[in-house]
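The following note sets out several points on the structure for a colleague's consideration. Each point is kept to a short paragraph.

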Amino acid sequence: MKISRVEIFTAHLPIDREISRFGGKISHLEELYIKLTGEDGVAGWGVARGNAVHISGETLAGMEYVFKELLAPLVVGKELRDRAAIVSLVHRTVEGNSGAKSALDIALHDLAARAAGVPLYLWFGGKRLPDVRGSACISFCSPGEAAERAREYTGQGFANLMIRAGGDPFGKDLERVKAVRDA
């Protein structure tokens, strides 16, 4: 099956609580969604975070441009069974841009699984778990607020808490971790 259409969508998703980072505050998530449609109408989706410039060096606008102008033309008309060749061509054509490239890779695999009529986890050889344990993140905040968030998250059923560190003096990081542990 050939890939007949590529679509790009962006979204600015509000979050219920600002995330404090060493680079500032994040009040929403910027997402890049990629939709690949095969000639039979089956579609696969990929996504990448657009406001994680501190991790990937990419912005939402930059990912959108790279995908629209450079990556999408490489995909349209290609055979889905040639995913490895497509990914290789993408890596040879565009340096860096890991977010835009990962969204494409995810969409290719999602499309392949859907075309085969199986869920993606099964496509990768996995088994379905009765539940998936997630984690909650406690960003840079006061020790008291960190303890309050820890109680809130564990009350919601989260067993794993990730505590941001490295944005404050080391002593404040230790106080925040101790407050969470005590809570």
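Which residues in helix 3 and helix 4 meet? The answer opens the first point below.

1. The model under discussion is predicted. In helix 3, the residues that meet helix 4 are Arg 83, Ile 86, Val 87, Val 90 and His 91. On the side of helix 4, the partners are Lys 101, Leu 104, Asp 105, Leu 108, His 109 and Ala 112. By class, this contact of helix 3 with helix 4 comprises six nonpolar, two polar and three charged residues.

2. The geometry of this pair may be stated next. The axes of helix 3 and helix 4 are 11 Å apart, and the packing angle is about 170°. Angles over 145 degrees count as roughly antiparallel, and helix 3 and helix 4 are therefore roughly antiparallel to each other.

3. Helix 3 also packs against helix 2. Helix 2 spans residues 60-75 and helix 3 residues 83-93; their axes cross at roughly 150° and come within 10 Å. This angle, too, makes helix 2 and helix 3 roughly antiparallel to each other. The crossing of helix 2 past helix 3 is right-handed. From helix 2, Leu 71, Leu 74 and Val 75 take part, meeting Ile 86, Leu 89, Val 90 and Thr 93 of helix 3. The contact of helix 2 with helix 3 consists of six nonpolar residues and one polar residue, with no charged residue. Ile 86 and Val 90 appear in the contact with helix 2, and they appear again in the contact with helix 4.

4. The loop between helix 3 and helix 4 (98-116) holds Asn 97. Most residues other than glycine have a negative phi. Asn 97, although not a glycine, has a positive phi of about 55°. The relative accessibility of Asn 97 is 23%, so this residue counts as partly exposed. A reviewer may wish to look at Asn 97 in the displayed model, given its positive phi.

5. Within helix 4 lies Ile 106. Leaving aside residues up to four places away in sequence, Ile 106 touches Trp 45, Gly 46 and Val 47. Ile 106 is partly exposed, as its relative accessibility is 38%. Ile 106 and Phe 170 are 64 residues apart along the chain, and their C-alpha atoms are separated by 37 Å.

6. A further helix pair is formed by helix 6 and helix 7. Their axes lie 8 Å apart and the packing angle is about 35°. Helix 6 passes helix 7 in a crossing that is right-handed. Helix 6 contributes Pro 143, Ala 146, Ala 147 and Ala 150 to the contact, while helix 7 contributes Glu 175, Arg 176, Ala 179 and Val 180. Six of these residues are nonpolar and two are charged, and no polar residue is present.

7. Salt bridges form the next topic. Side chains of opposite charge can pair when their charged atoms come close. How many salt bridges does the structure hold? The number is nine. One of them joins the side chains of Glu 31 and Arg 49, with an N to O distance of 2.4 Å. This pair links distant parts of the chain, 18 residues apart: Glu 31 belongs to strand 2 (residues 24-38) and Arg 49 to strand 3 (residues 43-49). Glu 31 is buried at 6% relative accessibility, whereas Arg 49, at 39%, is partly exposed.

8. Another salt bridge is that of Glu 145 with Arg 149, whose closest N and O atoms are 2.5 Å apart. Both residues lie in helix 6 (residues 143-155), and their spacing of four residues is about one turn of the helix. Is each partner buried or exposed, or in between? Glu 145 is partly exposed, with a relative accessible area of 33%, while Arg 149 counts as buried at 5%.

9. In helix 7 (residues 170-182), Lys 178 and Asp 182 are four residues apart and hence separated by about one helical turn. These two residues form a salt bridge, with 2.7 Å between the closest N and O atoms. Lys 178 counts as exposed at 52% relative accessibility, and Asp 182 is exposed with a relative accessible area of 55%. Elsewhere, Arg 5, Glu 7 and Lys 35 are joined into one network by salt bridges that share partners.

Key
Residues numbered from 1 in each chain as written. Predicted model: local features only at pLDDT ≥ 70, side-chain atom pairs only at ≥ 80, totals over all residues. Heavy atoms only, no water. Salt bridge = Lys/Arg side-chain N within 4 Å of Asp/Glu carboxyl O. Helix = DSSP H or I, 4+ residues; strand = E, 2+ residues; numbered from the N terminus. Buried < 20%, exposed > 50% of the residue type's maximum accessible area, 1.4 Å probe, protein only. Axes fitted to C-alpha atoms, helices over the stretch in contact; angles between N-to-C directions. Left-handed = near helix turned anticlockwise from the far one by under 90°. Contact = heavy atoms within 4.5 Å. Nonpolar A, V, L, I, M, F, W, Y, C, P; charged D, E, K, R; others polar. Parallel < 35°, antiparallel > 145°, perpendicular 65-115°, else oblique.
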